[in-house]
There are 2 protein chains.
Amino acid sequence: MSTYDRRVKRLTISDIAERAGVSIGAVSFALNGRPGVSEATRSRILSIAAEMGWRPNAAARGLSESRAHTVGLVIARSADTLGVEPFFMKFIAGLESELALTRTALLLQVVPDHPRSIEAICDWWAERRVDGLIVMDLWADDARLPLLESMRIPAVLVGRPRPDGGMPAVWSDDAAAVTEAVDFLVGLGHQRIARVAGLPALEHTQVRTAAFHAAMARHGLAPVAVVDTDYTWAAGAEATRALLAAADRPTAITFDNDVMATAGVSVARQLGVGVPHELSIIAGDDSQLCEMVFPTLTALSRDVQAYGAHTARTLLRLLNGGAPQSFQDATARLVPRESTAPC
Amino acid sequence: MSTYDRRVKRLTISDIAERAGVSIGAVSFALNGRPGVSEATRSRILSIAAEMGWRPNAAARGLSESRAHTVGLVIARSADTLGVEPFFMKFIAGLESELALTRTALLLQVVPDHPRSIEAICDWWAERRVDGLIVMDLWADDARLPLLESMRIPAVLVGRPRPDGGMPAVWSDDAAAVTEAVDFLVGLGHQRIARVAGLPALEHTQVRTAAFHAAMARHGLAPVAVVDTDYTWAAGAEATRALLAAADRPTAITFDNDVMATAGVSVARQLGVGVPHELSIIAGDDSQLCEMVFPTLTALSRDVQAYGAHTARTLLRLLNGGAPQSFQDATARLVPRESTAPC
DNA sequence: CTGAAAGCGCTTACAG
DNA sequence: CTGAAAGCGCTTACAG
């Protein structure tokens, strides 16, 4: 005999119907606020249900409605990187604050690579575990998009809207943020600026790199270098080492996240390059991490929780039959701290 | 007309039955490896299902089996703290690596406080969304335990096993780890040692504090102080400031996580107290963060992903009818880095 | 306004 | 070895 018996009798709609002396249909109508029951009956049923602590069986409801009341998020990153990247937990917390309002659950999967994220999406969809998906970390030529469209899976993109507009997107103007960072550095007198970018396959990396080149060009400057990385501390350290060892050493470096910027500070110190007096550093993401290091990091800051909440809201609207409608979140703003100084 | 029609016809067991020329019962038996179909029929059905890309509808299956094939994790921490705490994402990644093997999904909820975590648990259970739960951050007198037991909800505790042993636990010997840290510091000649603890309401905080006192006593030493905090950077900074301002300033501080240890380094620097020469620091959690700061942090290190995997395995065993069986994970080991030195 | 019934897509005793 | 049928707990047209 097992300790836990799944077959134990649990409260169902029939118990309420019996107790109220009506049919289960009437109970269902009352509970779902549909016409077909008198107000008196409705309120009696409602109070009985509340009193007995009844809640709908999600599987039964899902089967009838063809709706799981669940959305999925697949994150394709290595666990090590994820760990230090404060972005994701904040984003998830934001998602859930909004999902909770409509009692929608969040299914989460962390996978190491892209093919496996596609597998996860297909599995969830085929099993009808989710009603829709949140798609992050878009690649330049992302195989998930045609898949989602051909399978007609409701999804919201965390990133720039597609030209065809079939899928709603929640995004912020990365190009403007990068431009602000460059302008800020140039304003401080920097002319030799390098960029340590994230994964080159990611679309927003490409957007940022393009914006970096454009902003530099507008000031009549040529970038010292643009180095691609995988967002890890190690890659940030390695890139910084290479940049500082070169003959045309930059006087300022922008990093695509806070973790790499921290690595940059660390390597500079090891090499005896003073931050910010000999080298200015800007972090592309803001988090408590930026205030933990010395010197504290000037960063591009945004409300990541709100970003998550907006994403959830956009997906829920779509799931409730709304037309695909993208949302532009606030642009990250530059928060000057100790890691930047005049050149 | 909505862009997405949930009612679109999807592949079901009937389609396979029709194609194979058998009853849906036979298909179900074949698919689930039960006796009652010949080998020839079974393999034919299997290959048809695979070819058509059929996957069971989770709601239908869940309703029949009274099993959601889903487990839940509720994290009760503020989003801000969670963000910088690398522990959780690693733990989740570990959980999922194991859950994926049995196609069990993970439902995640991040809530700000304890009452709301109880709400989430009750909702999930009442709606039968989960088959079992993972319970973290146990309080000394945790209201969730009696609740889970009275409702007979299968759950695994991430923390010390209860004396009654009704609920399996996955844990590691925190007391031994704290003792190792104290022994290490005393071995370096430190006598004035303080402890900056985590949330005092958490059971493992109390276990560690007790172990700290015991270890100090064994060396014939009295702790300079034990300061309770909420794990945040701010609290770590505040505690460090107070400790360093006091007349009986410690020569070494152990912190209950990496975030606060980082704050400690930062404050010490501000106050002109040299780490490690005037102050040794040990972090109670290890992560890339500990290698990001300067000086790098001596830390108590463990394989958090493995911890998550062991937790998932323990829960799955319970859900499959196994007797509650706790698992002791490896004890954290001290990794000496730059933040500790002889006194 | 109300009730009886079919259906969602599976699993599983129960007859043949 | 196989098939027809009931049941899981809901929702929702369809008659009264």
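Tutor: Let us begin with a definition: two copies of a chain are superposed by least squares on the C-alpha atoms of residues with pLDDT of at least 70 in both. The model before us is a predicted one.

Student: What rotation and what shift along its axis superpose chain A on chain B?

Tutor: A superposition of copies can be described by a rotation about an axis and a shift along that axis. In this model the rotation is 180 degrees and the shift 0.0 Å, with an RMSD of 0.1 Å. That is therefore the relation of a two-fold axis.

Student: Which residue of chain A comes closest to the rotation axis?

Tutor: Ala59(A) does, with its C-alpha at 2.2 Å from the axis. The two copies also use the same surface, since 100% of the contact residues of chain A recur in chain B.

Student: How many residues of chain A are in contact with chain B?

Tutor: The size of an interface is often given as the accessible area lost when the parts come together. Here we count residues instead: 56 of chain A are in contact with 57 of chain B. Several elements of chain A give two or more residues to this side, among them helix H4 (58-65), strand S2 (105-111) and helix H12 (258-270). The largest share, 7 residues, comes from H6(A).

Student: How do the residues of that side of chain A divide by class?

Tutor: There are 30 nonpolar, 14 polar and 12 charged residues on the side of chain A that touches chain B.

Student: Which residues come nearest to DNA strand C?

Tutor: For a nucleic acid strand, one lists the residues around the strand and then the elements that supply them. DNA strand C has 27 residues around it, and those that come nearest are Gly25(A), Gly36(A), Ile13(B), Ser28(B) and Ser64(B). Helices H2 and H4 of chain A, together with helices H2 and H4 of chain B, each supply at least two residues of this surface. By class, the surface near DNA strand C has 12 nonpolar, 12 polar and 3 charged residues.

Student: Which residues come nearest to DNA strand D?

Tutor: Of the 26 residues around DNA strand D, the nearest are Ile13(A), Gly25(A), Ser64(A), Gly25(B) and Gly36(B). Two or more residues of that surface come from each of H2 and H4 of chain A and H2 and H4 of chain B. The classes on the surface near DNA strand D are 11 nonpolar, 12 polar and 3 charged.

Student: At what angle do H1(A) and H2(A) pack?

Tutor: A helix pair is read from the angle and the distance between the axes. Helix H1 (residues 13-20) of chain A packs on H2(A) at about 105 degrees, and their axes are 8 Å apart. Angles of 65 to 115 degrees count as roughly perpendicular, so H1(A) and H2(A) are roughly perpendicular to each other. In H1(A), Ile13(A), Ser14(A), Ile16(A), Ala17(A) and Ala20(A) meet Ile24(A), Val27(A) and Ser28(A) of H2(A). This contact has 6 nonpolar, 2 polar and no charged residues.

Student: What domains does the assignment give for chain A?

Tutor: Chain A has domain 1 (13-56), domain 2 (70-172 + 304-328) and domain 3 (174-301) in that assignment. The C-alpha centres of domains 1 and 2 of chain A lie 36 Å apart.

Student: Where should one look for backbone exceptions?

Tutor: Most residues other than glycine have a negative phi, and most peptide bonds are trans. In chain A, a cis peptide bond joins Phe294(A) and Pro295(A), with omega about -5 degrees. Pro295(A) is in the loop between H13 and strand S10 (298-301) of chain A. Chain B has a cis peptide bond between Phe294(B) and Pro295(B), with omega about -5 degrees. Asp137(B), which is not a glycine, has a positive phi of about 55 degrees. Asp137(B) lies in the loop between strand S3 (132-135) and helix H8 (144-150) of chain B.

Conventions:
Residues are numbered from 1 along each chain as its sequence is written. Chains are lettered from A and ligands numbered from 1 in the order in which they are written. This is a predicted model: local features need pLDDT of at least 70, side-chain atom pairs count only at pLDDT 80 or more; totals for chains, interfaces and linings use all residues. Two residues are in contact if their C-beta atoms, placed from the backbone, lie within 7 Å. Helices (H or I, at least four residues) and strands (E, at least two) are DSSP runs, numbered from the N terminus. Ala, Val, Leu, Ile, Met, Phe, Trp, Tyr, Cys and Pro count as nonpolar, Asp, Glu, Lys and Arg as charged, and the others, Gly among them, as polar. A residue is near a molecule or strand if its C-beta atom, placed from the backbone, lies within 6 Å of it. Axes are lines fitted to C-alpha atoms, for helices over the stretch in contact, and angles run from 0 to 180 degrees between N-to-C directions. Angles under 35 degrees count as roughly parallel, over 145 as roughly antiparallel, 65 to 115 as roughly perpendicular and the rest as oblique. Domain bounds come from an automatic or database domain assignment.
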